[in-house]
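Biologist: Could you take me through one part of this model in detail? I'd like to look closely at the sheet and what surrounds it.

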Protein chains: 2
Amino acid sequence: VPNALTELKARLAQVDDLEGAKHLLGWDQQVNMPPGGAEARAQHIATLSSLAHALFVANETGELLESASAETGELPYDSDDASLVRVTRREFEKMRRVPEELVAERAHAFALAFSAWEKARAQSDFASFKPHQERIVELAIAYAEALGYDAHPYDALLDRFEPEMTSAQVAKLFDQMKARIVPLVQAIVDRGEPVDDCFLHQEYADGPQWEFGQLVLAKMGFDFQRGRMDRSTHPFTQGISPDDVRLTTRILPERLLSGLFAVIHEGGHALYEQGLPPTLGRSKLRSGASYGVHESQSRLWENLVARSQPFWQHFLPHLRRLFPQQLDGVDVDGFFRAVNRVEPSFIRVEADEATYNLHIFMRFELELDLVARRLEVADLPAAWNAKMEAYLGITPPDDRRGVLQDVHWSSGFIGYFPTYALGNLLAAQIFAQARAAIQDLDRQIAGGALDDLLAWLRENVHRHGKKFTPLELVERITGGQIAADPFLDYLETKLSEIYRL
Amino acid sequence: VPNALTELKARLAQVDDLEGAKHLLGWDQQVNMPPGGAEARAQHIATLSSLAHALFVANETGELLESASAETGELPYDSDDASLVRVTRREFEKMRRVPEELVAERAHAFALAFSAWEKARAQSDFASFKPHQERIVELAIAYAEALGYDAHPYDALLDRFEPEMTSAQVAKLFDQMKARIVPLVQAIVDRGEPVDDCFLHQEYADGPQWEFGQLVLAKMGFDFQRGRMDRSTHPFTQGISPDDVRLTTRILPERLLSGLFAVIHEGGHALYEQGLPPTLGRSKLRSGASYGVHESQSRLWENLVARSQPFWQHFLPHLRRLFPQQLDGVDVDGFFRAVNRVEPSFIRVEADEATYNLHIFMRFELELDLVARRLEVADLPAAWNAKMEAYLGITPPDDRRGVLQDVHWSSGFIGYFPTYALGNLLAAQIFAQARAAIQDLDRQIAGGALDDLLAWLRENVHRHGKKFTPLELVERITGGQIAADPFLDYLETKLSEIYRL
């Protein structure tokens, strides 16, 4: 006799299948779709979204959750089945408050906005994107109102990405970060002795860049039998299933680091997705714990591993083999310093480890203002530029390098940006634990052996999927809270040494 | 107040969206998917199939069809709305007989079988595919039983591809074809003076082959803003929507004609898909009239256009520019003769225009026997080889070049093969009408002007979508029935001239 839990799992598997299919549609949209396909793609995604939503929030799901909850009442808190019921129930109670029409409207609007954004960005034409941006803000507010919140509508949006976190908690962490990062960046700028990275300003051919990216990915432990690497305007990672994980990069011959660190960053996401265990089934548990925790994995590989000296001890010789002319005479110390160069710049995804956070603070503040209707979309480009001036001391020459640079809003991701900075904090906290557990980690990295690190992450992060909230997971790993100090200590130490502050 | 027709259309649009999404999943499976993705892809496709089926065969659809039928009762037979109701109703009455479990089982089994087939074919290992083939036959029989039929279970399967046609009708047409094609091929073989095509047996580089394919496609009128061309093991065309139509080819440096005619063949399918009008909405009407009619479009371009002398008057100079060495001294007449070379061979998709049909007859007969349980799957390779010997006088050296060569069975397409030969007949009938309507058609083709032909096909075939059955469409175009003589006359005339019979 099938019990409620079994029936619940079958139902959630169908919902998960629709999500997986939607992920492929989204991946294809950015990697392969011809321009004419946009309108139908928007409709397809909207239909999959609304069917998945309807299936998930149906009364039957609620009834099955009730019964399955009783069936699993005796199980330990961290068992797969108890976690499935607990996490799904929380999600069910949130999502059933969102009307199906709003789900379809959102999906449809975002798919259209994405195509409009691609064009607007290419032509640096905010005016053509403005109606989409307005619709995006209105839909975000409607979504927040439907979901419900205590203090600020933004909390409802943030919760979709960081379960159980509030904008007040984020603001507090960000204040601690600002207090140390703003003066740190200022000190570096004031010192006026930039790191020498002139060897980076040469042409690095596409082919060898691609090859090196694949080599690093393979060394990181990415399984090409269960995933692939492609190109897109904005690098991203999409898990169609844990056995079909796809990351993208963009290769710019003039900017070696751009594509290279995109591969490593997305590789960190991709390893997380490939590490989600089959035992968690086709369900909402088989995903990252949160966007911030997901980002912690990409940041950990991108910054704590790949912006370290040991990493380049191993990989620089490989890179030099591919670019003998460009890297002639460049040693590990010089390369290490160059990849850690700090300099205020326009594009978030190409920002260094320190100024990156300033890009996030300003987006968080702009989003708070948009959602609270304290800022009109018409005034958004000016507000953007003013924040850039305030935090980074520079003003974008056009909207392409300003307010139009990010894909997020066009994909409906308001409330997402803070998770990047949270990811930085979590990455430092998690890496500190890994370092404590793996005694000779630096030596291993310097030898190109990254397997122990991956195994530790699999065991402590990946295998749990979404069983725990970010706060629970951090507690399990560190015994404490999300904290800013480990990241700030790490950043100050590294940069003080490089810049002799 | 929304009437029943409006509600019906909204419902059918959702079904169509699920089908469109499924088409993308299928395309990706053959073009991009990493090996590990197969299992989850099978699940995703199965879920989309069963949700689309459930939505379509629901009682609500039946009720809406009833009411919409009354609402459209006064409209002319060929109006879009009357056709929508008529065609959908026929489909509804068929499909509601198929249990949802069987739909999901089929989709799941075929997705797994496809991956198994890819491996089995590469290794020429029928044994590893046998359990899948057995399951495919059992599911085909179960499907036929569910759908219902009068004379032969095969009729139920054929009807899914050729609405309102029976295996008896097909057998009658095939008998007429055999009566003239078998002696024709025999006469060519007996004559013992093969066409000289030794210039084809050289290496043709991948890059220029790809370029030429794109050039021909563009000349045919394929819109690259609303579609794309990729590579896959087995060439195919998939319409995600009429504005996102994707064809694939395979390029073999040793076989220029293989990839080239695949592009033109799939291009004919793709033009049909791109020509389906928006006015037919997201519904079952916005598709080809049948698989046979679809095939008529690919065959028309591949054979009647691109195996003609005028075509190569225009295109040979382009091809010679790309392969100056290989095609040095080859003139239009020599090239025309080479692309029309007739010779019994193992692989259907690379067969010439005459022997191709023999490949179809034998598959049709094998399928009839499998479905009637007159043939065991264990005996299929031997039966295959015996038929090859009987029809073509040759025996495949291995199953890769024998029973494992086609993708169809692994995709659940039993009942499909006859449509290829029907497509040959229809192509000749349709082209004869186009020729009558466009007085200087040969001169246009010789000048590389293919627009009038495409416009005529748009007007007479493409724009109708699935409003009419194949028999109705043929009646509209030719004033008569599907007939074998126009094709047989054309074939005999061309080959008698080339082989001086």
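Modeller: Keep in mind that this is a predicted model. In chain A, 3 strands make up an open sheet with mixed pairing, and the order across it is 1-3-2. Strand 1 (227–231) and strand 2 (237–241) of chain A sit at the edges with a single partner strand each, so one side of each has no neighbour in the sheet. On average, neighbouring strands here are turned by 20 degrees against each other, if you ignore direction.

Now follow strand 1 of chain A to its partner: 5 bridges tie it to strand 3 (residues 244–249) of chain A, and the two run parallel. If you want a spot to click on, A:Arg231 is opposite A:Thr249 in strand 3. Helix 10 (residues 256–274) of chain A lies across strand 1, strand 2 and strand 3, at about 165 degrees to strand 3.

The sheet also brings us to chain B. A:Arg246 forms a salt bridge with B:Asp28 through their side chains, at 2.7 Å from N to O. Strand 1, strand 2 and strand 3 of chain A, along with helix 1 (4–31) and helix 2 (38–57), each give at least two residues to the side of chain A that touches chain B. Helix 1 of chain A has the largest share of that side, with 10 residues. Sorted by class, the side has 14 nonpolar, 12 polar and 9 charged residues.

As for the interface as a whole, chain A and chain B each put in 35 residues. Together they bury about 2,700 Å², with 57% of it on carbon and sulfur atoms. There are 4 salt bridges across the interface, and 12 residue pairs are in polar contact.

Note on methods: Residues numbered from 1 in each chain as written. Chains lettered and ligands numbered in written order. Predicted model: local features only at pLDDT ≥ 70, side-chain atom pairs only at ≥ 80, totals over all residues. Heavy atoms only, no water. Pairing = 2+ DSSP bridges. Helix = DSSP H or I, 4+ residues; strand = E, 2+ residues; numbered from the N terminus. Axes fitted to C-alpha atoms, helices over the stretch in contact; angles between N-to-C directions. Contact = heavy atoms within 4.5 Å. Buried area = accessible area lost by both parts, 1.4 Å probe. Polar contact = N/O pair within 3.5 Å; in protein donor to acceptor, adjacent residues only side chain to side chain. Nonpolar A, V, L, I, M, F, W, Y, C, P; charged D, E, K, R; others polar.
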